[in-house]
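Hi,

Here is the structure I promised to pass on to you. Have a look at it first, and then read on for what turned up.

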Amino acid sequence: MFDIIFYIFGAITLIGAGITAFAKNIVYAAFALLFTFFGIAGLYVMANADFLAVTQLLVYVGGILILLIFGVMLTSKIGAADIRINTGTRWVPGVLALGMFAILCAAFFGSSATHIEKTADGKSKTVSSWASHDTKPWSSTPQWSKDATTEILKKKYGSPDEVKTNEGSSGTASEIGKLFLTDFLLPFEVISVLILVSLLGATMIARRDPTPEENAIAESVS
Amino acid sequence: MTVGLNHFLVIGAVLFVLGIYAMLSRRNVIAVLMGVELILNSANINFIAFSRYGGVNINGQMAAIFVIVIAAGEAAVALAIVLNIYKNFKSVNPSEVDSLRD
Amino acid sequence: MHQLLSLSLVILGLPMLSFLIIIFNQKRLQAKAHLIGLPILGTALALAIYIAYSKLSGIPETLNWTTKWISFGNVPGVGEWNLMTGIMIDNLTAIMLVVVTLISFLVHLFSSVYMKGDIRYARYYAYLGIFTFSMLGIVIGNNLFSLYIFWELVGFSSYALISHWYEKPGPQQASKKAFIVNRVGDVGMWTGLMLVFGTFHTFNFSDIFAAIQHGLPASFSLLGMSPEATLTAAGVLIFCGAVGKSAQFPLHVWLPDAMEGPTPVSALIHAATMVAAGVYLVCRIFPMLTGDAMLVIAMIGGITSFIAASTALTQNDIKKVLAYSTVSQLGYMIMALGVGAFSAGFFHLTTHAMFKACLFLGSGSVIHAMHHSLHHLHDHHTDPQDMRNMGGLLKKMPITGYTFIIATLAISGIPLMSGFMSKDEILAGTTAYSQLQGGIASVLPYVGFLVAMMTAFYMWRLVFMTFFGKPKNQEIYDHIHESPKAMVIPLIVLAGLSFWIWYGANPIDPSNGWFMKSWAATPAQIVPENTEAHFGGEHKTAESPKAEGTSWIADAKSEKPEMMPHQEILEHKTHEVAGNGMIISIFMALTGIALAWFMYLKNTALPDKIAKAFGPLYKFSLNKWYFDELYEFAFVGSFMLFARMCSWFDTNIVDGIVNGVGKSTILVSKINGWFDKYIVDGLVNLTAGITQLIGLAFRSVQTGKIQTYLAWTLTGVVIVFAAIAWKLL
């Protein structure tokens, strides 16, 4: 069941990405991108990253994609043939992309593609990356949420009694929330400032130069 | 074959490659930006995969969140730039925007 | 800290406050600056009177407050070494506080009319404030160092006030002259200070005196002199400062020129306070003066008083006469201190401050009236200060005239006036000293009496030429008016203070009056016995009262402080000769007045005849003994000669070397230039050519298209990763 769902989402993602990369009409490309993002969100759920999946849907599907479509509409002369993408020479990008893919595959399929997993009894062992030995892939409390993170939090912030673990709760939102306000506080603040600055910057850059009439109005008001 | 780490990584790799292809070949700046988004997402998939299987725990998800946030900011700024380019060059074809040469 | 000490600090701060307020609000205040200065100085005056009253009536001991200022740490060979500063109030300080604040207040009041409409009215008041501040600083300091600091500040403010009208060349030159001449004296003073400080490691008066009394160390030596001689040298060197500031021979030349400043400034600075600072300094160091140093001081004072008086005889500028009169009277004070008549000298300082300020302000009033009259007539050529243009002004300006006459009576030494009392004591002290000392000091009393007569003569000459007789110019005379209230009130106050009653009950016996008897009693001189003045064979040996606790600062015990034997001898002798001296003094004064009356009212043709008959002498006096010319020749001239020598050396030797260096440089440059042109430039051009070639090759890569750049980048990435993967596999 898990595998089937994984392959379905994987297929949605890849097909969408393919259309995005190859479609001649940019509007098609945008809609294909929507499906890609949706598929990726599904993959996140498969990997126990529920909070991220929701974020992905909200930010990408709800925000960035809309922004891109607005961009398309603002820059294209609708109705004209220009809306189709004039694809230039394809072989240079193709060769480069394939080369990149080859290198990545070489890394995956190399001799020692293994990773470390923890077994149910808490011991670490090395397994092949092509197969998961985790018997409960849908487990609502991922192994790390029970041990590793909680241990770190306990060590840092007090005795076990005082630290409320998320035992039994589903999802990673509370973990992420705690980390944002503890270990990742500085990056969190920095990223807030960054987002604010980028918003202001975007506004400044995209601002239309005021027309002479508007200038006159502004002056008369002030 | 049960799904494991490499399945995620391969999806990420394909997305990355498609993103690169889109960035290099498209003749519309917006489509180039879509390629950039694809690349960012492929990176995110890798983060999540390593978070689930690779022993980096929840820190991988944190990194992914930061990537999403930065992607949002990048999209806003990039689109603003695109609008300006369109205003100045009356075109969104990156090949025609070559004043960097001078 | 005693309450009076705190109050004296407040007094010190008030003029500074006035200065700060006015100087930072010059534009805003403009013609209203006196509204700031007057109330502040009034407050200071009230406080000063309170302090003087409390001190003189109820507190016999000296109030002293010392604080650590700079710590030198542990100095090798000396030990812990700190620079202390502080303030003290003894009778001298208390009286000086009143004198300074009173005159400053009256001058503030007087100036509000006299300076009305001046372009730098506010600045003028600001500088009056800082001058008063500096003068008070001199007065209340208890150590030589703070005194020196304020001493220089006074010099600066005097400079600033003399050059008040700095657009004119006269005030410019005069201010520079005053400043430079004062510095000459200050060099000596500073040397003396260092001499004392280097040995005793303190600037504090009482500490220095205590150390000297304790015995001079052998290390106290200047240029290999014995400690006793060095003490004399130190006294004379410090006295140099007084020579500069109090305009004593040979540095007296600046004071008459300083009359270029506004007249109220002349009254404040160059008659009553600043020039008195020198006398005050000598009063302060009086206990440490040796007999030899005293003789030097007395002689300088005598010479100064004679030179100045003889110059004043022939001057025609009303302010110049007063200026020379001031120099002469300062010489009197210095002479008094030199002969050991401490009380008399300080007494004369106080009385002179009052009547001379009155005279100067009176002359200011006259000049003001003359100026307005000339202005009314559109006459810009006649000098408003020249007495030859005046005459008969008494009827037009009665208040100015009568106060002026009162002050003139005082300076001439007529009984019932303050000047009579102080001058008489000086003459008595001088006579006693010369009889005891003998030798060259014998001329001093003759000089003193002669100067007394000359003073009476030239002062009455001034009065007769200005206020009596027929007007020289009817037109000017018709437009003369009495000055406004703000100008005559200070005159009335100062004339009132010229009467005897403020200084002692009995007008003909000042030595038993309260001023001399208890307020300004002579302090003990604590110099080693063998350096004391030797008064013939009468010097008593041993049994000296140099016990611990001797009061060496003049101070009011209800009885007189302990004095050294030689001082007692002098005092005794002074009483002996006082009666005769008084008679001679009155006779001299009356002679002088009579001569003036005869020459300038009765027989007005006589002065010209005399001038013709004694042509060279007259010219000598009129040209101020040719001091300016002498200094011009001796100092300025020799300096110019030296400068010309330097100039010659510069043009012929230094320039020759420089030119030679220049020529050889040109030669080297030419060689360099050739090398540069063919070798260095060739290499540079070669490099540039190669770069250009490479640039051409790479130019085709730079398409300006983002995607091309990106493709290149990715190509690089693929190659690098491929290489790594190859290695790994």
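A quick word on names before we start: helices are DSSP runs of at least four residues, numbered from the N terminus. Keep in mind, too, that this is a predicted model.

With that in hand, go to the loop of chain C between helix H9 (227-245) and helix H10 (254-257), where you will find C:Pro250. The peptide bond leading from C:Phe249 into C:Pro250 is cis, and its omega is near 5°. That loop between H9 and H10 of chain C also holds C:Ala247. Its phi is positive, near 55°, and the residue is not a glycine. As a reminder, most residues other than glycine have a negative phi, and most peptide bonds are trans. Is C:Ala247 buried or exposed? It has 31 other C-beta atoms within 10 Å, so C:Ala247 is buried.

Another positive phi, near 80°, belongs to C:Leu416. This one is in the loop between helix H17 (398-412) and helix H18 (418-437) of chain C. C:Leu416 has 14 C-beta neighbours inside 10 Å and therefore counts as partly exposed. There is also C:His201, which comes after H7(C) and has a positive phi near 55°.

Speaking of helix H7 of chain C, it covers residues 169-200. Its 32 residues, at 1.5 Å each, should span 46 Å, and the end C-alpha atoms are indeed 46 Å apart, so the two values agree.

Now for some helix packing. In chain C, the axes of helix H4 (residues 91-114) and helix H15 (residues 342-376) come within 11 Å and cross at roughly 0°. Because of that angle, H4(C) is roughly parallel to H15(C). The H4(C) side of the contact consists of C:Leu92, C:Ile95, C:Val99, C:Ile103, C:Phe110 and C:Tyr114, and among their partners in H15(C) are C:Phe346, C:Ala353, C:Leu361 and C:His368. Sorted by class, this contact has 10 nonpolar residues, three polar ones and no charged ones.

H15(C) comes up again in the largest nonpolar core, which has 217 residues; C:Leu97, C:Val279, C:Val282 and C:Ala357 touch the most other members. H15(C) gives this core its largest share, 17 residues. If you want one residue to click on, try C:Leu97: leaving aside residues up to four places away in sequence, it touches C:Ser8, C:Ile11, C:Ala48, C:Ile51, C:Ala52, C:Leu136 and C:Val139. Another core, of 79 residues, lies apart from the largest one, and A:Ala21, A:Ala29, A:Ile103 and B:Val29 are among its members.

What does chain B look like, in helices and strands? It has three helices and zero strands, in the order α-α-α along the sequence. Of its 102 residues, 65% count as buried. Among contacts in chain B with a separation of 6 or more, 46% join residues 24 or more positions apart.

Finally, the chain contacts. Between chain A and chain B, 72 residues of A are in contact with 64 residues of B. H3(A) gives the most to the A side, with 12 residues. That side has 47 nonpolar, 21 polar and four charged residues. The contact of chain B with chain C takes nine residues from each chain. On the B side of it there are five nonpolar, two polar and two charged residues.

Cheers

Conventions: Residues are numbered from 1 along each chain as its sequence is written. Chains are lettered from A and ligands numbered from 1 in the order in which they are written. This is a predicted model: local features need pLDDT of at least 70, side-chain atom pairs count only at pLDDT 80 or more; totals for chains, interfaces and linings use all residues. Axes are lines fitted to C-alpha atoms, for helices over the stretch in contact, and angles run from 0 to 180 degrees between N-to-C directions. Helices (H or I, at least four residues) and strands (E, at least two) are DSSP runs, numbered from the N terminus. Angles under 35 degrees count as roughly parallel, over 145 as roughly antiparallel, 65 to 115 as roughly perpendicular and the rest as oblique. Two residues are in contact if their C-beta atoms, placed from the backbone, lie within 7 Å. Ala, Val, Leu, Ile, Met, Phe, Trp, Tyr, Cys and Pro count as nonpolar, Asp, Glu, Lys and Arg as charged, and the others, Gly among them, as polar. The expected span of a helix is 1.5 Å times one less than its number of residues. A nonpolar core is a set of buried Ala, Val, Leu, Ile, Met, Phe, Trp, Tyr and Cys residues joined through C-beta atoms within 7 Å. A residue is buried if 20 or more other C-beta atoms lie within 10 Å of its own, exposed if 12 or fewer, and partly exposed in between; C-beta atoms are placed from the backbone.
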